[in-house]
Amino acid sequence: VQLVESGGGLVQPGGSLRLSCAVSGFSAYSYYETWVRQAPGKGLEWLFSGLNDGQNTYYADSVKGRFIVSRDNAKTTLYLQMNSLKSEDTAVYYCAKWVPIGSKWEYYWGQGTQVTVSS
């Protein structure tokens with residue numbers, strides 16, 4: 001299983017950026033797609049989770065109304081559209097797939113992509 005994020009970079013405050021998470025080698029019937037980030041010197045911050053069927057989507061309050069998650073029709077790429085970016089959005093962004101298997105979970109993570117919001 002491989003998850004590869006891309007699309008990060010430097011953007012000015014108020015700007016937009018779209019991150020992509022390309023997935024290969026993954027197959028599961030039901031799973032959660034997730035985005036998290038890690039700001040410099042801080043722990044992981046959960047941003048979004050949603051079932052692969054598009055139901056049960058949840059956004060963190062810190063990004064609700066500014067960030068939108070979507071996926072391509074083939075469900076091989078997950079997107080994170082980030083609008084009205086703020087300096088506090090500066091972080092490494094990770095996509096992940098969380099697969100429930102019985103009472104346990106399997107986690108698959110990408111390598112992360114850096115987003116820097118600065119003028």
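**Close-up views of strands and a disulfide**

**View 1. Strand β9 meets strand β10.** P100 has W105 as its bridge partner in β10. This is a predicted model, in which local features need pLDDT of at least 70 and side-chain atom pairs count only at pLDDT 80 or more, while totals for chains, interfaces and linings use all residues. Residues are numbered from 1 along each chain as its sequence is written, and side-chain values use heavy atoms, with hydrogens and water left out. Six bridges connect β9 to β10, and the pairing is antiparallel; two strands pair if DSSP finds at least two bridges between them. β10 covers residues 104–109, where a strand is a DSSP run of E with at least two residues, numbered from the N terminus. Look next at the turn of this hairpin: two residues sit between β9 and β10, and G102 takes a positive phi near 65°.

**View 2. A closer look at W109.** Which strand holds W109? W109 belongs to strand β10. Its relative accessible area is 40%, which makes W109 partly exposed (buried is under 20%, exposed is over 50%, partly exposed is in between; 1.4 Å probe, protein chains only).

**View 3. Strand β9 with β4 and β11.** Besides β10, you can follow β9 to other partners here. Strand β4, residues 32–38, is joined to β9 by seven bridges, and the two run antiparallel. To find your way along this pair, start at V36, which stands opposite Y94 in β9. Strand β11, made of residues 113–117, also pairs with β9 in the antiparallel sense, this time over three bridges. A handy landmark for that pair is Y93, whose bridge partner in β11 is T113.

**View 4. An open sheet of four strands.** In what order do the strands of this open sheet stand? The order is β1-β3-β8-β7, with antiparallel pairing. The edges belong to β1 (2–6) and β7 (67–71), which have a single partner strand each, so one side of each has no neighbour in the sheet.

**View 5. Strand β3 between β1 and β8.** Strand β3 spans residues 17–24, and five bridges hold it to β1, with the two running antiparallel. Two residues of β1 help you trace this pairing: Q2 stands opposite S24 in β3, and S6 has S20 as its bridge partner in β3. Now turn to strand β8, residues 77–82, which pairs with β3 in the antiparallel sense over six bridges. Here L17 has M82 as its bridge partner in β8.

**View 6. The disulfide of C21 and C95.** How many disulfides does a search of the whole structure find? The search finds one, and a disulfide here is a pair of cysteine sulfur atoms within 2.5 Å. The sulfur atoms of C21 and C95 are 2.0 Å apart. The angle about the S-S bond is 65°, and the link is right-handed. C21 sits in strand β3 and C95 in strand β9 (residues 91–101), so the pair ties together parts that are 74 residues apart in sequence. Are these two cysteines buried or exposed? Both C21 and C95 are buried. If you have followed the earlier views, you already know both strands: β3 pairs with β1 and with β8, while β9 pairs with β4, with β10 and with β11.
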